[in-house]
Amino acid sequence: MGDLGGGPPSLRVGDRVAVVAPSYPAEPERLERGCAVLRSLGLDVIVGKHVLDRAPSGLTYLAGSDDERAADLQAAWCDPGISAVICARGGYGAARVLDHLDWDTMAHATPKLLHGSSDITALHVAFGRRLGVPTSFGPMVVSTLADGEAETIAHLREALFGTGVTVHGSRTLRGGRARGTLTGGNLALLTSLLGTPHAPEPATDRIAFLEDVNEAPYRVDRMLTQLLQAGWFEGVAGIVLGTWVGCGDLDAVFADRLVPIGVPILGGVAVGHGPGQRTIRLGVDVGLDADARVLSHPGEETP
């Protein structure tokens, strides 16, 4: 793994990565296809003990018990031979493991890259706050990589082996430029953490990234309102909107809830759900040019 040097970790060919399932269990065939993609990138892949498990007592939507999922995650994070922890899929359950991790022990482990999206937002938030490490938000082993989409895999390769790659949006909701640390993730997960010990830090002086899937416009409105009322957007430098698959027409919601904040807003960034997913780094300094419809990462030309 590349030298952290205060910045985001990057991978090298031959690095060993661990695939874990902090949320839903993986399907065996898709797990193997997704792991084959990681191996094609030159990575040595091992799989967590409970990735294929299903929790008992009617909670079969979880990959084993909370303790088991947390144990897989912590073991991988604390293993000095592992350079990245890559999540198999989202769904639900990542927030449940947060109280089952030994954060003091994990804080003493050599920092490495955590990669995942959607429900894994709970881990992005917690790892950023408690461990102070940048994380990678992008396509996961079972949910997307198993489909073998060449463009998605190529972008993931650039992102994992570098320090992040430029992503483009399709719409300027409010023009302007901004710079700041990229924060955020899945909207439903961010709001679900408010009021808990794992609540996301306010986006003050940061670039806020948001995405979601299968949420009706009124529900997106409700969650954005909750973040507004909680003060999460206070002092935000800019906003980047990812994919909103199955969420309907959100133009009026974004115009009413976000545009009045008065900062640059870029929409239509292919990060979150659906085909053509891109990978971004949370917890790193980025440049946002909403007029040029570009979000640039460290080492690239930024505003």
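Which strands does helix α6 (residues 150-161) lie across? In this predicted model, the helix lies across β4, β5 and β12, and runs at about 160° to β4. Here contact means heavy atoms within 4.5 Å, while axes are lines fitted to C-alpha atoms, for helices over the stretch in contact, with angles running from 0 to 180 degrees between N-to-C directions. Helices (H or I, at least four residues) and strands (E, at least two) are DSSP runs, numbered from the N terminus. Residues are numbered from 1 along each chain as its sequence is written. Because the model is predicted, local features need pLDDT of at least 70 and side-chain atom pairs count only at pLDDT 80 or more, whereas totals for chains, interfaces and linings use all residues; side-chain values use heavy atoms, with hydrogens and water left out.

The strands just named belong to an open sheet of six, ordered β2-β1-β3-β4-β5-β12, with mixed pairing. Its edges are β2 (44-47) and β12 (280-282), each of which pairs on one side only; two strands pair if DSSP finds at least two bridges between them. On average, neighbouring strands of the sheet are turned by 25° against each other, direction ignored. Strand β5 (residues 135-137) runs antiparallel to β12 and is joined to it by three bridges. Within this pairing, serine 136 has arginine 281 of β12 as its bridge partner. A further helix, α2 (residues 66-78), lies across β1 (16-20), β3 (84-87) and β4 (113-116), and its direction is at about 170° to β1.

Turning to single residues, histidine 115 is found in strand β4. This histidine 115 counts as buried because its relative accessibility is 1% (buried means under 20% relative accessible area, exposed over 50%, partly exposed in between; 1.4 Å probe, protein chains only). Its side chain makes a polar contact of 2.7 Å with the side chain of serine 136, a polar contact being a pair of N or O atoms within 3.5 Å; within protein, one must be able to donate a hydrogen and the other to accept it, and residues adjacent in sequence count only if both atoms are side-chain atoms. The backbone oxygen of proline 139 also lies 2.7 Å from a polar atom of the histidine 115 side chain. Leaving aside residues up to four places away in sequence, histidine 115 touches residues including Val85, Cys87, Phe137, Leu156 and Thr279.

Threonine 183, in strand β8 (residues 177-186), is likewise buried, because its relative accessibility is 14%.
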